[in-house]
Amino acid sequence: MLRIRSLDAYYGHSHILHGVDLDIEQGKAVGLLGRNGMGKTTLIRSLMGLVPGARGKVEWNGKDVSGSAPERMARLGIGYVPEGRGIFPNLSVHENLVMSARAGAGGRRDWHVERVLETFPRLAERLDHGGQQLSGGEQQMLSIGRALMTNPDLLILDEATEGLAPLIMQEIWRVIRHIGTTGISTLIVDRNYHAVLAATDMAVVLEKGRVAAAGRSAALGADQASLARHLGI
Ligand SMILES: Nc1ncnc2c1ncn2[C@@H]1O[C@H](COP(=O)(O)OP(=O)(O)OP(=O)(O)O)[C@@H](O)[C@H]1O
């Protein structure tokens with residue numbers, strides 16, 4: 001479904017990504033791993049058309065979409081939940097969700113407010129609360145809920161559990177696994193390597209902007225030497 005080839009990205013004179021390849025098949029979950037500053041967020045932002053001057057080939061369902069603007073990537077069916085949560089603090093939970101509603105590719109409307117609230121019962125209890133009144137975990141749930149309201153074919157989650165209490169983290173991971181069973185592909189970045197490898201089919205490890213390892217998540221998880229070398233664990 002998504003095929004990235006030879007992606008290079010720069011911030012000013014700093015060369016951040018060096019010829020990165022990444023594939024995501026329909027309905028599959030892919031983990032993107034790497035220590036801090038290795039280029040994970042840059043890879044996602046480049047894919048979404050948010051890094052000016054990024055070079056390389058991006059194919060979506062066989063079509064060349066390289067260099068597309070963020071709006072186009074979103075319309076193609078890619079939902080992006082950025083690090084640090086992007087919700088409207090002055091709008092209620094309900095308003096935040098309704099505002100994001102959009103048919104997916106081919107006019108699909110599988111996800112609507114009711115289904116998001118079934119998925120995140122906590123949000124159902126706080127429907128009239130303003131975004132800024134929510135806890136960090138609830139804001140994260142709302143942020144994922146908003147992305148689901150766009151009926152994406154691919155959902156990208158960057159550090160979705162960062163800074164959350166363990167129980168809330170577990171809840172987010174439960175939902176991430178659940179989303180994976182609904183046919184939506186996912187690309188997951190998270191510091192918790194074990195959770196990422198357990199929740200994904202395939203994984204790619206970035207090191208200094210290059211793919212250092214890639215393969216089945218189960219195989220990577222079992223390769224202690226590789227984990228130690230590339231992730232320092
Ligand atoms: N806006 C920017 N301007 C200049 N350099 C940047 C910018 N954003 C990131 N960088 C640099 O690019 C490199 C890759 O950062 P990136 O955020 O992609 O890494 P990451 O793997 O996602 O790490 P983290 O988990 O810390 O977010 C780092 O060296 C970082 O300092």
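**Exercise 1. The first hairpin.** Which residue in β2 is the bridge partner of Tyr-11?

*Solution.* The structure is a predicted model, in which local features need pLDDT of at least 70, side-chain atom pairs count only at pLDDT 80 or more, and totals for chains, interfaces and linings use all residues. Residues are numbered from 1 along each chain as its sequence is written.

Step 1. Locate the elements: helices (H or I, at least four residues) and strands (E, at least two) are DSSP runs, numbered from the N terminus. Strand β1 covers residues 2-11 and strand β2 covers residues 14-24.

Step 2. Check the pairing, which requires that DSSP finds at least two bridges between two strands. β1 and β2 are antiparallel partners with seven bridges.

Step 3. Read off the partner: Tyr-11 is bridged to Ser-14.

Step 4. Inspect the turn. Two residues separate the strands of this hairpin, and Gly-12 in the turn has a positive phi of about 60°.

**Exercise 2. The four-stranded sheet.** In what order do the four strands of the open antiparallel sheet lie, and which are the edge strands?

*Solution.* Step 1. The order is β2-β1-β4-β5.

Step 2. β2 and β5 (63-64) are the edge strands, each pairing on one side only.

Step 3. Examine the β4-β5 contact. β4 (residues 55-60) pairs with β5 through two bridges in the antiparallel sense, and Trp-60 stands opposite Lys-63.

Step 4. Examine the loop between β4 and β5, where Asn-61 is found. Asn-61 is not a glycine, yet has a positive phi of about 50°.

Step 5. Classify Asn-61. A residue is buried if 20 or more other C-beta atoms lie within 10 Å of its own, exposed if 12 or fewer, and partly exposed in between, with C-beta atoms placed from the backbone. Asn-61 has 13 C-beta neighbours inside 10 Å and therefore counts as partly exposed.

**Exercise 3. The six-stranded sheet.** Describe the strand order, the edges and the twist of the open sheet with six strands.

*Solution.* Step 1. The order is β6-β7-β8-β3-β9-β10, with mixed pairing.

Step 2. β6 (78-81) and β10 (210-216) have a single partner strand each, so one side of each lacks a neighbour in the sheet.

Step 3. From one strand to the next, the twist averages 15° (axes are lines fitted to C-alpha atoms, for helices over the stretch in contact, and angles run from 0 to 180 degrees between N-to-C directions).

Step 4. Take a parallel pair: β7 and β8 are joined by five bridges, and Leu-154 has Ser-185 as its bridge partner in β8.

Step 5. Take an antiparallel pair: β9 (residues 202-207) and β10 are joined by six bridges, with Val-204 opposite Ala-214. The two strands form a hairpin with two residues between them, and Lys-208 in the turn has a positive phi of about 45°. Lys-208 is partly exposed, with 14 other C-beta atoms within 10 Å.

**Exercise 4. Helix α7.** Which residues of α7 are buried, and what do they pack against?

*Solution.* Step 1. Helix α7 (residues 166-180) has 15 residues and reaches 21 Å from its first C-alpha to its last, close to the 21 Å expected (1.5 Å times one less than its number of residues).

Step 2. Ile-172, Ile-176 and Ile-179 are its buried residues. They cover an arc of only 60° around the axis (taken from the directions from the helix axis to the C-beta atoms), which puts them on the same side of α7.

Step 3. On the other side, Pro-166, Leu-167, Arg-174 and His-178 are exposed.

Step 4. The buried residues pack against α6 (136-148), β7 (154-158), β8 (185-189) and α8 (193-199), where contact is defined by C-beta atoms, placed from the backbone, within 7 Å. α7 lies across β3 (29-33), β7 and β8, at about 150° to β8.

**Exercise 5. Helix α1 and the core.** How many of the eight residues of α1 are buried, and which residues does Leu-43 touch?

*Solution.* Step 1. Seven of the eight residues of α1 (residues 40-47) are buried, including Lys-40, Leu-43 and Arg-45.

Step 2. Leaving aside residues up to four places away in sequence, Leu-43 touches Leu-7, Leu-17, Val-20, Leu-32 and Leu-206.

Step 3. Place Leu-43 in the core. A nonpolar core is a set of buried Ala, Val, Leu, Ile, Met, Phe, Trp, Tyr and Cys residues joined through C-beta atoms within 7 Å. The largest one has 60 residues, and Leu-43 is among those with the most contacts inside it, as are Leu-32, Leu-157 and Ile-188.

Notes. Contact = placed C-beta atoms within 7 Å.
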